[in-house]
Amino acid sequence: MQRLIPTGEAARPVAFAEVPQPVPQPDEALIKVEAFAPNRGETFLLEHPRPGLLPGKDVAGLVVQAAADGSGPGIGARVVGHPALGGWAEYAAVPTHSLAVLPDSVDSVRAAALPLAGITALRLLRTAGSLAGRRVLLTGASGGVGHYVTELAVGAGAELTAVTATPVRGERLAELGARVVHDVAAAQGPFDVVLESTGGPDLPIALSKVCPGGLLVWFGQASRSPVTLDFFELFKGPERVTIQHFHYAGAPYGSDLAALVRLVERGLLHPEIGRIADWTETADTLVDLRERRIRGKAVLVTGGAR
């Protein structure tokens, strides 16, 4: 079968290779991949790939071999999955605890855009707690996670301000009900909750806008710049603020995937897909994703996606 593997080259980070079809573990189903969605974090791993790296965490497709232990969906089921690796291929072995069955109304392209970004958004908002009537600031808002967080938070009754680099990247967020600004310093606080994903100099500015007793959840460092906090500067800002580190990972993922699928099916969640392309265009798409030329998610199709 064909698989995309790292090259270590910045301009063309992956290339096709002919490899054996994966042999599933007893609790894994074999999926014929119809579509997959790379994440920006994966593009960073490809800059200096570790030996044996098989990228690919967000897939949708068809079960062609059910799990030997009897768990999970049977042969012929359409599914979305979140394997630990290996999804950028014709076939992928996925633990059944990290699969969800797709209804006919949810196509593989939209489904593939759900896993990492959607699970992150769900778990991030659970960490933030009830948002009804609360003021929320979201930085780095124009990626896949940001669009999901915005739609879910606004739908839950939050008054959300989203920070994006440019007006174009904020257009859809405004349609979803966010107030959009293009510099965190321009956000008009105070905020009950700050969801911060850029790091660097933005985090201290965002922190200064939290109301007394509020919460800042730090869930990313998209700027790739470390954060410096001045202890004495904090005396000038809000008191008793909680800073909480967040990382989405932790299987099982199946129940969260099923929740995301239900939201899409009911018209309550709309994956923002900035590019759909054949998987022969994966290398160029990865570069554009890394350089922030794609709004929302990018989805690559292997053929036969529905």
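These legends describe close-up views of a predicted model.

**View 1. A nonpolar patch on the surface.** Four residues make up this patch: Phe-231, Phe-232, Leu-234 and Phe-235. Together they have about 490 Å² of accessible area. Leu-234 lies in the loop between strand S12 (210-218) and strand S13 (242-245). The relative accessibility of Leu-234 is 38%, so this residue counts as partly exposed. The class of partly exposed residues runs between the buried limit, under 20%, and the exposed limit, over 50%.

**View 2. Arg-224, a positive phi in the loop between S12 and S13.** Arg-224 sits in the loop between S12 and S13. Leu-234 of the patch is found in the loop between these two strands as well. Phi of Arg-224 is near 65°. That value is positive, and the residue is not a glycine. Arg-224 is partly exposed because its relative accessibility is 44%.

**View 3. Arg-292, a positive phi after helix H8.** Arg-292 belongs to the loop between helix H8 (282-290) and strand S15 (297-301). Its phi is positive, at about 60°. Arg-292 is not a glycine either. With a relative accessible area of 32%, Arg-292 is classed as partly exposed.

**View 4. Thr-282, a buried residue in helix H8.** Thr-282 is part of helix H8, the helix that precedes the loop of Arg-292. The relative accessible area of Thr-282 is 1%, so the residue is buried. The cut-off for buried is under 20%. Which residues does Thr-282 touch, not counting those up to four places away in sequence? They are Leu-4, Val-14, Phe-36 and Leu-300. Of these, Leu-300 falls within the range of strand S15 (297-301).

**View 5. A cis peptide bond between Gly-189 and Pro-190.** The bond that joins Gly-189 and Pro-190 is cis. Its omega is about 0°. Pro-190 is located in the loop between strand S10 (179-181) and strand S11 (191-196).

**View 6. A cis peptide bond from Ala-251 to Pro-252.** Here, too, the peptide bond is cis. Omega for the bond from Ala-251 to Pro-252 is near 10°. Where is Pro-252 placed? Pro-252 is in the loop between S13 and helix H7 (254-265). Strand S13 also borders the loop that holds Arg-224.

Conventions. Residues numbered from 1 in each chain as written. Predicted model: local features only at pLDDT ≥ 70, side-chain atom pairs only at ≥ 80, totals over all residues. Heavy atoms only, no water. Patch = residues over 30% accessible without salt bridge, like charges linked within 9 Å, V, L, I, M, F, W, Y side chains within 5 Å. Areas by Shrake-Rupley, 256 points an atom, 1.4 Å probe, with all protein chains shown as cover. Salt bridge = Lys/Arg side-chain N within 4 Å of Asp/Glu carboxyl O. Helix = DSSP H or I, 4+ residues; strand = E, 2+ residues; numbered from the N terminus. Buried < 20%, exposed > 50% of the residue type's maximum accessible area, 1.4 Å probe, protein only. Contact = heavy atoms within 4.5 Å.
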